[in-house]
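Work through the exercises below with the model open. Try each task before reading its solution.

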Amino acid sequence: MSSGFSGGVPDFFTAGGRSTSRNSSFNTNLNAEQQFPFPPPLPGIMLEPAGQIRRPNFIGKRSLADFQQQSQQGLGFYLRNVKLRPNYQHASIPSISPEVSPMSNSMNSRYGIPIVQQHRLQQLTLPNRNVNNLCTSFFSPNLAGNDGNFNTGMGLPGPGSGSDVFGYESEKKMMSHRLQELEKELLGDDDDGEVASVVTSSEWSETIQNLIAPCNQKSISLSPSSSSSSCCSTSASPPIPCTRQSFVDAAAAISDGNMESAAEILTRLQQVANPRGTSEQRVTAYMVSALKSRMNPTEHPLPVSELHGKEHTLSTQMLYDVSPCFKLGFMAANLAILEAASEQGLHRIHVVDFDIGHGGQYMHFLHALAAKKPDDRRAAVLKITALADSVSGDEEKLKIVGERLKALADKINVCFKFSIKNLNFDGLNREELGVEPAEALAVNFAFRLHKLPDESVTTENFRDEMLRRVKGLSPTVMTVVEQDMNANTAPLTVRVRETCEHYAALFDSLEATVPRENPNRVRVEEALGRKMGNSVAWEGRDRVERCEVFGKWRARMSMAGFQPVPMSQPVADSLRAKLNSGTRGNPGFTVNEESGGICFGWMGRTLAVASAWR
């Protein structure tokens, strides 16, 4: 709505007809005018008639004819909207004129609107006609008159103004009232419809409101692009901001040793946490628990031993079975191994696996071999050497896995051999592993490398040492599948943000693939919660979850002497077809090729990456 002004405006209060007198009363005679002479700047000099300020009294509600009559008398007035109203000639307005010192910098939040007073009736020349600048001109010390003097608009002398400007006592008195009462009592905004108002825009209203409550006032920007919105303080507790940013703030407070502030943030976040609520509420619950454990591990323990327990192993395997991102990651590794062996014309494949789990990856591998042509299938041989940790006693579990895979191979007529070796760096050579010359040697690291400590944990640097030992085996191909997350050497704040974003996407993807009534989904999410907790709450050797982004894995592989083996287009197409198979498909999941690896994600967030090296 255009107000029609051409760049300059008259005195905000005097042109509007607001007046005050010594006895704090209003004269209901609209045509009566009072002259308030200013003392001359220098003794002996008479004031000019133009130097007198006309302050006509006014009544609370006026008709359109009254406003037109005032305009004809030279009282420039800019109307927001005008509606014909009855003429309340006998209405009186209660007088409100509390005494306020013009030199006071502090103003009561309820009473404190100053009267803008100037030497003469004059128009302001503003370089920028934006309404925001118009507001600040009235209430900032940059209000300049035509005579070169400055008026602060707050009853305070500006630079270059004479003290005699405030000579009369009437100039020391200020009218104060809340903006709502001014509009209601003087302008009749309580009636239906809009009326003519001195406050012609929301920017004016907010400027006066800021003056009413200076304790909550923000600095008024002179920029034309300044936002006109403002915040009002309330007695209620502050709203909870974005949970991810709040977790970052809590992590920053913990890093700075400000445990009291961190505890306060976590207390607010606890209000929205719910292990059985939405995916965001569930992630919030696990993250609150993780940060509380970091602050006080005695009261909120998250034992590292849980990551090596039977329940965590079982629930993690369930995750690999139900999440397309992880399941397709295993399939990509299998297809890369088959493709590498085929390129060299080898039908006998020997896979060395450092963490075979429950063997689910190789069930798909056996089916892939069974799908070959009859002659190729008869010549194909799959031999798996599973490396066991003698300390944790994995041999019995691995025997069960081998028996299950052997039964499947016999059922689908695939030649299969299975052996178990103890994991020992010194024994990591082709002879100890039983690699034969006619075999295509493949080394598989599926969600294993991130658990090995690197140079940031110990000088022994088991992660790089393992890669160098594997390089010494001269494998036909080495496959790596890992979660894509910057949670190894990153500082706590970055690690917390990465953990929130990564697992929030993972929880959302589970919503799309596993029904809520499925009892296994709770176990899967509890396994994810243990991984989140370890990544955030622990440091040093106790922090087992040390995931990296794919770019860092590439740099580490390069330093170990490996070169990437890009997966072919048929492999990528096969994985996309598998993702979109079924009646519903998997909307929201993505398969992308990037820098030699295949990225699996949810809604644009990469969750896992499969890659091949030699």
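The exercises go from the whole chain to one helix and then to one loop residue.

This is a predicted model, in which local features need pLDDT of at least 70, side-chain atom pairs count only at pLDDT 80 or more, and totals for chains, interfaces and linings use all residues. Residues are numbered from 1 along each chain as its sequence is written, and side-chain values use heavy atoms, with hydrogens and water left out.

**Exercise 1.** Find how many helices and strands the protein chain has, and what share of its residues is buried.

Solution. Start with the elements: the protein chain has 18 helices and 10 strands. These are DSSP runs (helices H or I, at least four residues; strands E, at least two), numbered from the N terminus. Next, burial: 46% of the 614 residues are buried. Buried means under 20% relative accessible area, exposed over 50%, partly exposed in between (1.4 Å probe, protein chains only).

**Exercise 2.** Compare the span of α7 with its expected span, then state what covers its buried residues.

Solution. α7 has 17 residues. The expected span is 1.5 Å times one less than the number of residues, which for α7 is 24 Å. From first C-alpha to last, α7 reaches 25 Å, close to that value. Its buried residues include Arg282, Tyr286, Ala290 and Ser293. Their cover includes α5, α6, α15 and α16.

**Exercise 3.** Place Leu302 and list its contacts beyond four places in sequence.

Solution. Leu302 lies in the loop between α7 and α8. Leu302 is partly exposed, at 22% relative accessible area. Its contacts (heavy atoms within 4.5 Å) beyond four places are Ser289, Ala290, Ser293, Gly533, Ala537 and Trp538. The C-alpha atoms of Leu302 and Ala290 are 7.6 Å apart, at 12 residues along the chain.
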